[in-house]
2 protein chains.
Amino acid sequence: MSYCYGVDIGGTTVKMGLFESDGTLLEKWEIKSRVENEGKEILPDVAKSIKENMKNKGMDLNELDGIGVGIPGPVNSDGVVPKTANLGWGKKDVKSEMTALIPTKIEVANDANVAALGEMFSGGGRGYKNLLVITLGTGVGGGIIINGQALVGEHGSGGEIGHITVNHLETEVCGCGRKGCLEQYASATGITRLAKIKVESDKRETVLDTSNMSAKAVFDAMKEGDIVAAEIAEEFFECLGSAISSISVIIDPAIVVIGGGVSRAGEVLLEGVEKHFKEVSFFANKDTKFALAELGNDAGIYGCAKLIIS
Amino acid sequence: MSYCYGVDIGGTTVKMGLFESDGTLLEKWEIKSRVENEGKEILPDVAKSIKENMKNKGMDLNELDGIGVGIPGPVNSDGVVPKTANLGWGKKDVKSEMTALIPTKIEVANDANVAALGEMFSGGGRGYKNLLVITLGTGVGGGIIINGQALVGEHGSGGEIGHITVNHLETEVCGCGRKGCLEQYASATGITRLAKIKVESDKRETVLDTSNMSAKAVFDAMKEGDIVAAEIAEEFFECLGSAISSISVIIDPAIVVIGGGVSRAGEVLLEGVEKHFKEVSFFANKDTKFALAELGNDAGIYGCAKLIIS
């Protein structure tokens, strides 16, 4: 048996996992991301933590297949990042630096893409090789897998589906500076925004309270039979289902995997989105499957491991 | 020097080209597509025509690197087509049948995808490996190349960009049965439709005539300074530029190559679309290049040759 490490570097913590070569997660832990001083200690800290783990396991370097690294920013095909603001990094050759620290196979990729790979490898998209993975959190993130490979794109912005335009009439500005992006409607922030607007203008009785609004509150109220909440949820299903329909004629996925905080609403969310998708989708995409993400915050380390395990 | 053939099978004719192994087109010709009797003569006709050409050239089978075949319908990764209505075919193992007719390397792919490969190989997208190729004809077709490979997708419908939804308020029905598809605005048919609506409701003087409307008439009139035509063209630029902006955050191309009959309007079209794209696009996609397709109806045979030439 040989081993590999998955290392998912974020702006606050680095999530790390030790995997067997068949993809079994043996152990996972976190270290702090030391982003001060232009983040120069981050990779040495990672290497130190891995070396300690190897020592504790009595693992030799020749038992190590490699280390997959996820970065919160664009990564080119040589494992170089042009700039990663969250980590304090300017241009950095992550692959070469990690190889110098631990001489093994090093693969580096964007965190959204490795999370999508993780869901394909061991999560909601197991068994498929053409996937759209959507993360509904503070924003709307995406990862696209085509033929088992992450779609990185020319500038590393492949799969940035939160910024497709879904409403040309929007007057409020998205975080990206444009107007009418999917993220303004389908993120936790977006659902909260729309719910406040609705509740303020709607005269009907509702348990929803504008002073304490959240995506969770909307879906909870919907499950309790609140009609105003159900209408807000329905608008969300229509918006996301329609957006997935447009994305599907472009990349034609076998399965859409939905994760992120908003997806904790569970099956009711999945069914709502899938129902609307089936109503509006192009004929060739009608049998596209839908699933909830299964790995949560571990998707990244699984996907990093997948960069090593072929 | 070795050789290959590009064979682009359409519903009316089969376009064929003989290429040197460096991609130089030596000769091209067409034969009729005999779609009667479930199209069973099409592949034998192709094989016969290639054998005649080889004989005329004094070419041996060992000088032949292979034959690339483009099909007007979905093709799976084994070279099998599930059904191709335009050719009268049901399920057909094109790769095996062609190999039995001429024992050489046979590769089979969808015609829109090979046309996109052709533009990458020898046309407007030369030198790039992440491309969006848009064909503005009777409909709006698309081909997507990621890392030099056509994005086929799970059902063979990758790149069907004519059917992304760009207007949720549309009341007229698209050919696909849905409403508000890009094709309803950006195809030759779509521009003609919008121009008729505009001219009928607009009181200003214009050279445009609803009884003889076409995309060409609109762009010709625009170039002559017709203000109504210029406004119709501007709406088209906005619609297509915005759609390309949304597609770009999904697949992140290096270059957008625009072809098809409508693109004969030339630089004025390219500049209009690119200008609007730059106004509305996501920051990471701002430097995406734009070019006109260069190969016209030959794109298919070049792309078929590219299936063989690696």
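1. Crossing of H7(A) and H8(A). In this predicted model, helices H7(A) and H8(A) cross in a right-handed sense. Their axes lie 8 Å apart, at an angle of about 55°. The pair is therefore oblique. On the H7(A) side, the contact uses A:Phe236, A:Phe237, A:Glu238, A:Leu240, A:Gly241, A:Ser242, A:Ile244, A:Ser245 and A:Ser248. H8(A) supplies A:Val268, A:Leu269, A:Gly272, A:Val273, A:His276, A:Phe277 and A:Val280. By class, nine of these residues are nonpolar, six are polar and one is charged.

2. Crossing of H5(A) and H7(A). H7(A), residues 227-251, also meets H5(A), residues 188-201. Here the axes come within 10 Å and cross at roughly 135°. H5(A) and H7(A) are therefore oblique too. The crossing is right-handed. From H5(A), the contact takes A:Ile191, A:Ala195, A:Lys198 and A:Val199. From H7(A), it takes A:Val228, A:Glu231, A:Ile232, A:Glu235 and A:Phe236. The split is six nonpolar, three charged and no polar residues. Note A:Phe236: it is listed in the contact with H5(A) and in the contact with H8(A).

3. A:Asn285, a loop residue that reaches chain B. A:Asn285 sits in the loop between helix H8 (267-280) and strand E12 (289-292) of chain A. Its relative accessibility is 0%, so A:Asn285 counts as buried. Which side chain of chain B makes a polar contact with the side chain of A:Asn285? The partner is B:Ser157, at 3.4 Å. Leaving out residues up to four places away in sequence, A:Asn285 touches A:Ser248, A:Val249, A:Asp252 and A:Phe277 in chain A, plus B:His155 and B:Ser157 in chain B. Two of these names recur from point 1: A:Ser248 of H7(A) and A:Phe277 of H8(A) both belong to the contact between those helices.

4. B:Leu151, with neighbours in both chains. B:Leu151 is placed in the loop between strand E10 (149-150) and helix H4 (183-186) of chain B. Its relative accessible area is 1%, so B:Leu151 is buried. Its contacts, beyond four places in sequence, include A:Ile146, A:Leu151, A:Ile250 and A:Ile251 from chain A. From chain B, they include B:Asn113, B:Ile144, B:Ile146 and B:Gly158. A:Leu151, with its matching residue number, is thus one of the neighbours across the chains. B:Asn113 is 38 residues from B:Leu151 along the chain, with a C-alpha separation of 7.7 Å.

5. B:Thr192 in H5 of chain B. B:Thr192 belongs to helix H5, residues 188-201, of chain B. Is B:Thr192 buried or exposed? It counts as buried, because its relative accessibility is 15% and the cut-off for buried is under 20%. Beyond four places in sequence, B:Thr192 touches B:Met213, B:Ser214 and B:Ala215. B:Asn113 serves as a reference point here as well. B:Thr192 and B:Asn113 are 79 residues apart in sequence and 27 Å apart in space, C-alpha to C-alpha.

6. A:Ala109 in strand E7. A:Ala109 lies in strand E7 (residues 106-110) of chain A. At 14% relative accessibility, A:Ala109 is classed as buried. How far apart in space are A:Ala109 and A:Gly70, C-alpha to C-alpha? The distance is 5.1 Å, for two residues 39 apart in sequence. A:Gly70 is also among the contacts of A:Ala109. The others on that list, which leaves aside neighbours within four places in sequence, are A:Val69, A:Ile71, A:Val75, A:Val114 and A:Leu307.

7. Positive phi in the loop between E3 and H1. Most residues other than glycine have a negative phi. A:Glu38 has a positive phi near 55°. A:Glu38 lies in the loop between strand E3 (25-32) and helix H1 (42-57) of chain A. With a relative accessible area of 64%, A:Glu38 is exposed. Chain B has a case of its own: B:Asn37, with a positive phi of about 50°. B:Asn37 is located in the loop between strand E3 (25-32) and helix H1 (42-57) of chain B. B:Asn37 is exposed, at 55% relative accessible area. A reviewer may wish to view both loops together.

Terms used:
Residues are numbered from 1 along each chain as its sequence is written. Chains are lettered from A and ligands numbered from 1 in the order in which they are written. This is a predicted model: local features need pLDDT of at least 70, side-chain atom pairs count only at pLDDT 80 or more; totals for chains, interfaces and linings use all residues. Side-chain values use heavy atoms; hydrogens and water are left out. Axes are lines fitted to C-alpha atoms, for helices over the stretch in contact, and angles run from 0 to 180 degrees between N-to-C directions. Helices (H or I, at least four residues) and strands (E, at least two) are DSSP runs, numbered from the N terminus. Angles under 35 degrees count as roughly parallel, over 145 as roughly antiparallel, 65 to 115 as roughly perpendicular and the rest as oblique. A crossing is left-handed if the near helix is turned anticlockwise from the far one by less than a right angle, and right-handed if clockwise. Contact means heavy atoms within 4.5 Å. Ala, Val, Leu, Ile, Met, Phe, Trp, Tyr, Cys and Pro count as nonpolar, Asp, Glu, Lys and Arg as charged, and the others, Gly among them, as polar. Buried means under 20% relative accessible area, exposed over 50%, partly exposed in between (1.4 Å probe, protein chains only). A polar contact is a pair of N or O atoms within 3.5 Å; within protein, one must be able to donate a hydrogen and the other to accept it, and residues adjacent in sequence count only if both atoms are side-chain atoms.
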